[in-house]
Amino acid sequence: MGGAVTAPPTGTRANLVALPRLPGAAVDYPWGVVRALYLHVPFCPSVCPYCDFHKMLRNEGLVARYLDRLEREAESLAERYPGPLDTMYFGGGTPSHLRDDELERVVDVLARAFGFPARYETTLEADPLTFTPDRLRRFAGLGFDRLSIGLQSTQDDALRFLGRLHDGRRGMEALEWALDSGLRVNADVITAVPGQDARRDLHTVAATGVRHMSVYSLTVEPGTPFALRGVQVDPDREADDFEATVPVLAGYGLERYEVSNYAVPGEESRHNLGTWRGEPYLGLGPSASSYLPEGGPFGTRLRNPPIRAWLEGAPPERDPLDARGLVLERLLTGLRTREGVDVRALRHASGLTPGDVAPRWLADAVGHGLLAWEGARLRATDDGVARLDALLRAFVRSA
Ligand code: SF4
């Protein structure tokens with residue numbers, strides 16, 4: 001839903017308060033047990049010009065073949081990893097663009113394979129134009145307990161620029177419906193859009209009382225229609241908007257817990273936290289990735305092929321991790337989060353520490369106040385978060 005957006009390289013204040021341990025986090029289970037599942041639904045009502053996700057417009061034949069293949073893939077994965085699952089996340093694409101009967105079939109498939117819903121969190125990404133209060137009740141009746149809405153902006157000009165089909169009024173109406181439905185709700189917002197007043201968007205959305213927001217800067221990815229049209233993002237605006245986000249959202253009780261994610265404490269996305277902590281997860285659907293405890297002591301990253309090859313049963317690409325790769329991955333995701341990286345646990349798992357893999361980078365980053373130790377945890381400081389992309393690029397170069 002969010003498309004090609006990332007946190008910008010500049011910004012301000014990281015809150016370094018430790019996250020409370022969330023109950024049911026899969027890391028408490030022994031290695032070999034997988035408790036999370038990501039399902040990719042690649043169909044969208046329209047194609048946004050900034051998006052570089054694997055997505056397409058739907059047609060009936062393609063959706064039918066997608067559902068058949070999904071069923072076979074779920075059955076085969078469940079033979080090795082039968083669940084039960086703690087979290088499930090339907091992303092895309094636009095999963096709520098599936099019709100009711102199609103969504104019910106997906107739910108049936110997952111229920112047979114792993115059990116449905118997940119024990120702690122079952123999220124559905126949704127476009128504002130794909131639901132009404134009635135349909136939200138249907139989502140809840142199926143077992144979803146969390147809705148992630150691709151709102152992006154409340155301003156008509158910005159939405160038009162982004163190629164979205166909803167306007168600001170309809171987006172806010174959808175958000176209010178979701179908040180009234182009893183589901184947990186996330187709202188996605190994109191900043192640094194030309195002509196947008198990002199602060200106004202942040203205030204307007206947060207003032208609804210939503211308890212989770214994902215805020216990304218517009219990024220022009222190579223090969224997208226925006227890139228072909230020469231759209232550019234003003235770096236000063238990007239930095240200003242990023243800098244404004246923490247204080248504006250803090251005024252509504254939303255604290256940053258990952259570089260682009262803000263929540264009222266306790267409302268963090270358990271599924272995404274597990275991924276950032278390096279916990280294993282299953283991936284279903286075209287282009288979906290997985291991290292599975294197989295193929296070696298440090299597990300294997302897998303990536304499914306795009307839809308045509310996936311429909312024909314082509315296998316995923318497999319990338320077994322070695323100890324170094326594990327350290328690299330844990331830092332690349334963990335340093336994006338407020339809780340940082342548990343280096344003692346990482347050494348226990350891999351036999352290596354960040355200091356073994358990139359000693360000079362680590363010494364420089366700590367020396368310049370970009371990273372800090374808190375007991376056995378390594379975290380990005382406020383300055384480190386503000387320069388996170390550059391910091392992580394330097395890590396990859398030196399590792
Ligand atoms: S709605 Fe679809 S095309 Fe638009 S950003 Fe989301 S995934 Fe991409």
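Student: Before we look at anything, what is a salt bridge?

Tutor: A salt bridge is a side-chain nitrogen of Lys or Arg within 4 Å of a carboxyl oxygen of Asp or Glu. Keep in mind that the model above is predicted. Here is a good case to start with: Arg-58, Glu-60, Arg-99, Asp-101 and Glu-102 are linked in a network of such bridges.

Student: How many salt bridges does a search of the whole structure find?

Tutor: The search finds 30 salt bridges. Let's go through a few of them.

Student: Which residue forms a salt bridge with Glu-121?

Tutor: The partner of Glu-121 is Arg-184, and their closest N and O atoms are 3.0 Å apart. This pair links distant parts of the chain, since Glu-121 sits in strand 6 (residues 121-126) and Arg-184 in strand 8 (residues 184-191), 63 residues apart.

Student: Is Glu-121 buried or exposed?

Tutor: For that we need a cut-off: under 20% relative accessible area is buried, and over 50% is exposed. Glu-121 has 0% relative accessibility, so Glu-121 is buried. Arg-184, at 19%, counts as buried too.

Student: What about a salt bridge inside one helix? Where do Arg-137 and Asp-134 lie?

Tutor: Both belong to helix 3 (residues 133-142), and because they are three residues apart there, about one helical turn separates them. The closest N and O atoms of this salt bridge are 2.5 Å apart. Arg-137 is exposed, with a relative accessible area of 55%, and Asp-134 is exposed at 52%.

Student: Which residue pairs with Asp-157?

Tutor: Asp-157 forms a salt bridge with Arg-160, and 2.6 Å separates their closest N and O atoms. These two residues are in helix 4 (residues 156-161); being three residues apart, they are separated by about one helical turn. Both Asp-157 and Arg-160 are exposed.

Student: Now for charges on the surface. Which residues gather in a patch of negative charge?

Tutor: That surface patch is made of Asp-234, Asp-236, Asp-240 and Glu-243. Take Asp-236 as an example: you will find this residue in helix 8 (residues 235-250). Its relative accessible area is 55%, so Asp-236 counts as exposed.

Student: I see helix 8 ends at residue 250. Where does Gly-251 lie?

Tutor: Gly-251 is in the loop between helix 8 and strand 10 (255-258). With 64% relative accessibility, Gly-251 is exposed. Try comparing sequence and space here: Gly-251 and Arg-199 are 52 residues apart in sequence, and their C-alpha atoms are 12 Å apart in space.

Student: Let's turn to cysteines. How many disulfides does a search of the whole structure find?

Tutor: First the general idea: a disulfide is a covalent bond between the sulfur atoms of two cysteines. In this structure the search finds zero disulfides. You can still ask how covered a cysteine is. Cys-44 has a relative accessible area of 9%, so Cys-44 is buried. Cys-51 is buried as well, at 11%.

Student: And how should I read the backbone?

Tutor: Most peptide bonds are trans, and most residues other than glycine have a negative phi. That gives you two kinds of exception to look for.

Student: Which residues are joined by a cis peptide bond with omega of about 5 degrees?

Tutor: Those are Gly-83 and Pro-84. Pro-84 is placed in the loop between helix 1 (60-80) and strand 5 (87-92). Another cis peptide bond runs from Gly-92 to Gly-93, where omega is near 20 degrees. Gly-93 belongs to the loop between strand 5 and helix 2 (100-113).

Student: What is the phi of Gln-152?

Tutor: Phi of Gln-152 is near 70 degrees, which is positive although the residue is not glycine. Gln-152 is part of strand 7 (residues 146-152). Its relative accessibility is 1%, so Gln-152 is buried.

Student: Where does Ser-287 lie?

Tutor: Look in the loop between strand 12 (282-284) and strand 13 (289-292). Ser-287 is not a glycine, yet its phi is positive, about 70 degrees. At 15% relative accessibility, Ser-287 counts as buried.

Terms used:
Residues numbered from 1 in each chain as written. Predicted model: local features only at pLDDT ≥ 70, side-chain atom pairs only at ≥ 80, totals over all residues. Heavy atoms only, no water. Disulfide = S-S within 2.5 Å. Buried < 20%, exposed > 50% of the residue type's maximum accessible area, 1.4 Å probe, protein only. Patch = residues over 30% accessible without salt bridge, like charges linked within 9 Å, V, L, I, M, F, W, Y side chains within 5 Å. Areas by Shrake-Rupley, 256 points an atom, 1.4 Å probe, with all protein chains shown as cover. Lys, Arg positive; Asp, Glu negative; His and termini not counted. Charge placed at Lys NZ, Arg CZ, Asp CG, Glu CD. Helix = DSSP H or I, 4+ residues; strand = E, 2+ residues; numbered from the N terminus.
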